[in-house]
Amino acid sequence: MSDAAALRLPLAVAAEPVDSPTAAALLREYYTEVADRYFELHEGRRSTQEEIAEGLAEYPSADLMPPHGVLLVARRGEAVVGCAGVRLLDARTAELKQMYVRPASRGLGGAGGLLTAAETAAARLGAERVRLDTRLDLVEAIALYRRHGFTEIPPYHHDDVYAEIFFEKRLSGGRSAG
């Protein structure tokens, strides 16, 4: 399928097991990109395969499975576009994790579609709000979250040294306050 034909296809987002080959490949790509950006910024080099393996082990994705989480995978036709994970932190709060769009699919609305699908998934899990953390050098992600109504909040937890900025968005469709 040509790139032009893929652009005309709608974005389809569906839950995917975290241990599927597609999910494993996306999560590895995600970790490689964020690790490379970090090491290029701070050490002037790219990450090693050992560092990627360590990162995948340090940040497992098993909590992105039902009944308290989900990993969403976006496709345009047969082309895999990206992924986003959602997990419950508590009965009313979900957290966005591993938001990633493949470089060839960026700028085409896939990130916004994935983010909207993740918010819907969080509401279906019963969440009233979605929180996330990211790094300050991931400026594209920060701009995306702000465009989609996320507001900066104080840190909500963490011993993660890479979490530098925190966001939250109130959802409609979650549990009613009570």
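Start with the enclosed space inside this predicted model, where the structure holds 1 cavity of 30 Å³ or more. The space in this largest cavity comes to about 30 Å³. To see what surrounds the cavity, select V86, L96, L115, A118, E119, A122, V130 and F150, which together form its lining. If you then colour these residues by class, you will find 7 nonpolar residues, no polar ones and 1 charged residue in the lining of the largest cavity.

Which helix supplies the largest share of that lining? Select residues 110-124, which make up helix 4, and you have the element that contributes 4 residues to the lining of the largest cavity, the largest share.

Next, turn to the largest pocket, which holds about 1300 Å³ of space. There are 49 residues in its lining, and a good place to centre the view is on Y30, V34, M99, T134 and L138, the ones closest to the centre of the pocket. Once those are in view, show the elements around them: helix 2 (21-43), helix 3 (49-58), strand 4 (93-101), helix 4, strand 5 (129-134) and helix 5 (139-147) each give at least two residues to the lining of the largest pocket. Helix 2 deserves its own selection, as it gives the most to this lining, with 8 residues. Colouring the lining of the largest pocket by class brings up 23 nonpolar, 11 polar and 15 charged residues.

Now look at the aromatic rings, which form 6 aromatic pairs in the structure. One of these pairs is made by Y38 and F39, whose ring centres lie 5.6 Å apart with 80° between the planes, an edge-to-face arrangement. While both residues are selected, compare how far each is open to the surroundings. Y38 has a relative accessibility of 22% and therefore counts as partly exposed, whereas F39, with a relative accessible area of 13%, is buried. The cut-off that separates the two is 20% relative accessible area, since buried means a value under it.

Keep F39 in view and add R45 to the selection. What lies over the face of F39? R45 does, at 4.1 Å from the ring centre.

For the last stop, select Y30, Y31 and Y100, which ring pairs link into a cluster. You have already met Y30 in this tour, as one of the residues closest to the centre of the largest pocket, so leaving the pocket displayed lets you view the cluster and the pocket together.

Definitions and conventions
Residues are numbered from 1 along each chain as its sequence is written. This is a predicted model: local features need pLDDT of at least 70, side-chain atom pairs count only at pLDDT 80 or more; totals for chains, interfaces and linings use all residues. Side-chain values use heavy atoms; hydrogens and water are left out. On a 1 Å grid over the protein atoms alone, a cavity is a set of points where a 1.4 Å probe fits but cannot get out, and a pocket is an open set with protein on both sides within 12 Å along at least five of seven lines; lining residues have an atom within 4 Å of a point. Grid points are joined across faces, edges and corners, and a volume is the space filled by probe spheres set on the points. Ala, Val, Leu, Ile, Met, Phe, Trp, Tyr, Cys and Pro count as nonpolar, Asp, Glu, Lys and Arg as charged, and the others, Gly among them, as polar. Rings of Phe, Tyr and Trp (its six-membered ring) pair if their centres lie within 6.5 Å; planes under 30 degrees apart count as stacked, over 60 as edge-to-face and the rest as tilted. Buried means under 20% relative accessible area, exposed over 50%, partly exposed in between (1.4 Å probe, protein chains only). A charge sits over a ring if NZ of Lys or CZ of Arg is within 6 Å of the ring centre and within 35 degrees of the ring normal.
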